[in-house]
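Subject: Structure handover

Hi,

Here is the structure I promised you. Please open it and keep it in view while you read the notes below.

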Amino acid sequence: MEKADTPLADVEQRIARACRIAGRDRDEVELIAISKTHDAEAIAPLLEQGHRIFGENRVQEAQAKWPELRERHGDIQLHMVGQLQSNKAEDAVTLFDCIHALDRPSLVKALAKAFDKAERQVPCFIQVDIGEEEQKGGVAIKQLETLIAQARDADIPLLGLMCVPPLEVEPAPYFALLGKLAQDNGLAGLSMGMSGDFETAIKLGATHLRVGSALFGARD
Ligand SMILES: *Cc1c(COP(=O)(O)O)cnc(C)c1O
């Protein structure tokens, strides 16, 4: 394969190839460029190349960066991929177009309230603690069904499930498990796959890739 001349072109080429191998359409997979810690100057090249889907993990940082970039470039889809505190739910609902870390009943309540107030519904992924690692966040697998039912009762639009597998071990079994949990619960979306493992995630059915360092370089 010829080397692409920008990081975005390189990632796109790798996504296209993984989709081909998996017999999937490129359109089935969304590339979210995770721009956390990077400033407007670092984000500009991607915008200039036409990329419009971005993700951040902190409400405050996103509020500082994105309103101005949005005004200049239009059409931007912004995803929240980090843990969300309930007291930031209102801000998140006005700023983001999708939330990937719904992980507890209190956040279901806070989001439902924020949707009412903002008169706007934001689709969500439920984050699953797929490796049973407490510090990673996400709902325990045992409590997933209950949380899904609570979210459905509260009319939260659910796109699917999200996970961050344990570091330094083969991610495929965790991606496969997330896929099975989503299927068992009638959910279509799978937010999984980061810089180090997005090709594997595509093979296992990912619909939303969250890629940071492969696009922007290493974070400090
Ligand atoms: C930072 C982050 C990513 C992107 O990670 P890279 O390894 O830089 O691609 C993906 N998902 C979440 C939840 C993150 O916080």
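Start with the ligand. Its surroundings are made up of Ile34, Lys36, Val81, Met162, Met194, Ser195, Arg210, Val211, Gly212, Ser213 and Arg219. By class, that shell has five nonpolar, three polar and three charged residues. Keep in mind that this is a predicted model.

Next, the polar contacts. In lysine 36, a side-chain N or O atom is 2.6 Å from an oxygen atom of the ligand. In arginine 219, a polar side-chain atom lies 2.8 Å from a ligand oxygen atom. Arginine 210 pairs with a nitrogen atom of the ligand instead: a side-chain N or O atom is 2.9 Å from that nitrogen. On its own, the ligand has 390 Å² of accessible area, and the protein covers 87% of this.

Where does the ligand sit? It sits in the largest pocket. That pocket holds about 650 Å³ of space. Its lining has 26 residues, and the closest to the centre are Lys36, Lys136, Val164, Met194 and Arg210. The lining divides into eleven nonpolar, nine polar and six charged residues.

Now look at the second largest pocket. Its volume is about 190 Å³. Which residues line the second largest pocket? They are Asn57, Arg58, Val59, Gln60, Met80, Gln83, Leu84, Gln85, Lys88 and Arg104. By class, this lining has three nonpolar, four polar and three charged residues.

Best wishes

Key:
Residues are numbered from 1 along each chain as its sequence is written. This is a predicted model: local features need pLDDT of at least 70, side-chain atom pairs count only at pLDDT 80 or more; totals for chains, interfaces and linings use all residues. Side-chain values use heavy atoms; hydrogens and water are left out. A residue is near a molecule or strand if one of its heavy atoms lies within 4 Å of it. A polar contact is a pair of N or O atoms within 3.5 Å; within protein, one must be able to donate a hydrogen and the other to accept it, and residues adjacent in sequence count only if both atoms are side-chain atoms. Accessible areas come from the Shrake-Rupley method with a 1.4 Å probe; for residues, only the protein chains shown count as cover. On a 1 Å grid over the protein atoms alone, a cavity is a set of points where a 1.4 Å probe fits but cannot get out, and a pocket is an open set with protein on both sides within 12 Å along at least five of seven lines; lining residues have an atom within 4 Å of a point. A molecule sits in a cavity or pocket if more than half of its atoms lie within 2 Å of its grid points. Ala, Val, Leu, Ile, Met, Phe, Trp, Tyr, Cys and Pro count as nonpolar, Asp, Glu, Lys and Arg as charged, and the others, Gly among them, as polar. Grid points are joined across faces, edges and corners, and a volume is the space filled by probe spheres set on the points.
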